[in-house]
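These entries record what I looked up in the model, beginning with aromatic rings and ending with a polar side chain.

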Amino acid sequence: MALHLSWVFVFGILGNAVSFMVSLAPLPTFYQIFKKKTSEGFQSIPYVVSLFSAMLWIYYALLKKDAIFLITINTFCVFIQTFYIVTYFYYGPKKEKIVTVKLMLLFNVFGFGVIFLATYFLKNPSLRLLILGYICMAFALAVFVAPLAIVRKVIKTKSVEYMPFTLSVFLTLGAVMWFFYGLCLKDMNVAVPNILGFIFGVLQMILYAVYKNHPKKTVEESDPKLQLSDHPVVVVDVAKLSSDVNSVIPNSTNSNNGGNNGGRTEGNAFNKV
């Protein structure tokens, strides 16, 4: 029993430490928002969803009563995600502010309110915890599936620009720590989603190893619809046309060199999330 509790403590501490660092990962992004005084180009939905997730897990941990490490890390997440959302809202354009308010009302007010009212007043505490656990597990699985969009983008563009290696490593480590924490507590609602988190984390690191030295693929190469046409281009010789109209101006020697660089798109081809 003592050994069991010691492993719960070890993995709980390690899980908190890793998740703490992951929660601070967006700070450079918000430093850029602060410097530029605008949040244009970024979206608020990841922070709204993260806040919603933290609220769910705090509620679950309070009902479970023996998951203190879930409470500590998710309480910190509530504060840091609130800070991110407030900062985003302060510097965001009017349209994005409206979107953020709608998302907050949908997830953090209506969504959480419905879950709370539907479970809290159930007479059977075991049933209440069971239903809430399934909700938390389903939502955690959905969050872990989200990186599939990034994986698809990496494979399509053959570029790891939008998939930082360090973040992938910490997310994978976090999944391992929380899996063993849930396993030691015999809580499958915590353990099962982190199996998927570990698989996707390893997949991201493999993709990074494969594509880290690969030449960047331009938007035109990744999307044939954006490629330049192969049809011949008709060029009007303005200098020659001008000389026919006004004989004072001598004929100019034409040298029409296509200065197009292949339509290479610099910077972020997609909005950062």
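I began with the exposure of F20 in this predicted model. F20 has a relative accessible area of 37%, so I entered F20 as partly exposed, the class between under 20% and over 50%. I then looked up F76, which is also partly exposed, at 24% relative accessibility.

Next I counted ring pairs: the structure holds 22 aromatic pairs. One of them joins F20 and F76, with 4.6 Å centre to centre and 35° between the planes, and I noted this pair as tilted. F20 belongs to helix α1 and F76 to helix α4 (residues 68–91), so I recorded a link between distant parts of the chain, 56 residues apart.

I turned to Y90 and Y91, an edge-to-face pair with 4.9 Å between centres and 90° between planes. Is each partner buried or exposed? Y90 is exposed, at 61% relative accessible area, whereas Y91 is buried, at 17%.

I also traced a cluster in which ring pairs link Y59, F112, F116, Y120 and F121. R128 lies over the face of Y120, 5.7 Å from the ring centre. Elsewhere I found K37 over the face of F34, at 3.9 Å from the ring centre.

My last entry concerns N16, which sits in helix α1 (residues 2–23). I noted N16 as buried because its relative accessible area is 13%, under the 20% limit. Its side chain makes a polar contact with the side chain of T72, at 2.6 Å. Beyond its neighbours within four places in sequence, I listed F69, T72, I73 and W178 as the contacts of N16.

Terms used. Residues numbered from 1 in each chain as written. Predicted model: local features only at pLDDT ≥ 70, side-chain atom pairs only at ≥ 80, totals over all residues. Heavy atoms only, no water. Helix = DSSP H or I, 4+ residues; strand = E, 2+ residues; numbered from the N terminus. Buried < 20%, exposed > 50% of the residue type's maximum accessible area, 1.4 Å probe, protein only. Polar contact = N/O pair within 3.5 Å; in protein donor to acceptor, adjacent residues only side chain to side chain. Contact = heavy atoms within 4.5 Å. Phe/Tyr/Trp six-rings, centres within 6.5 Å; stacked < 30°, edge-to-face > 60°. Lys NZ or Arg CZ within 6 Å of the ring centre and 35° of its normal.
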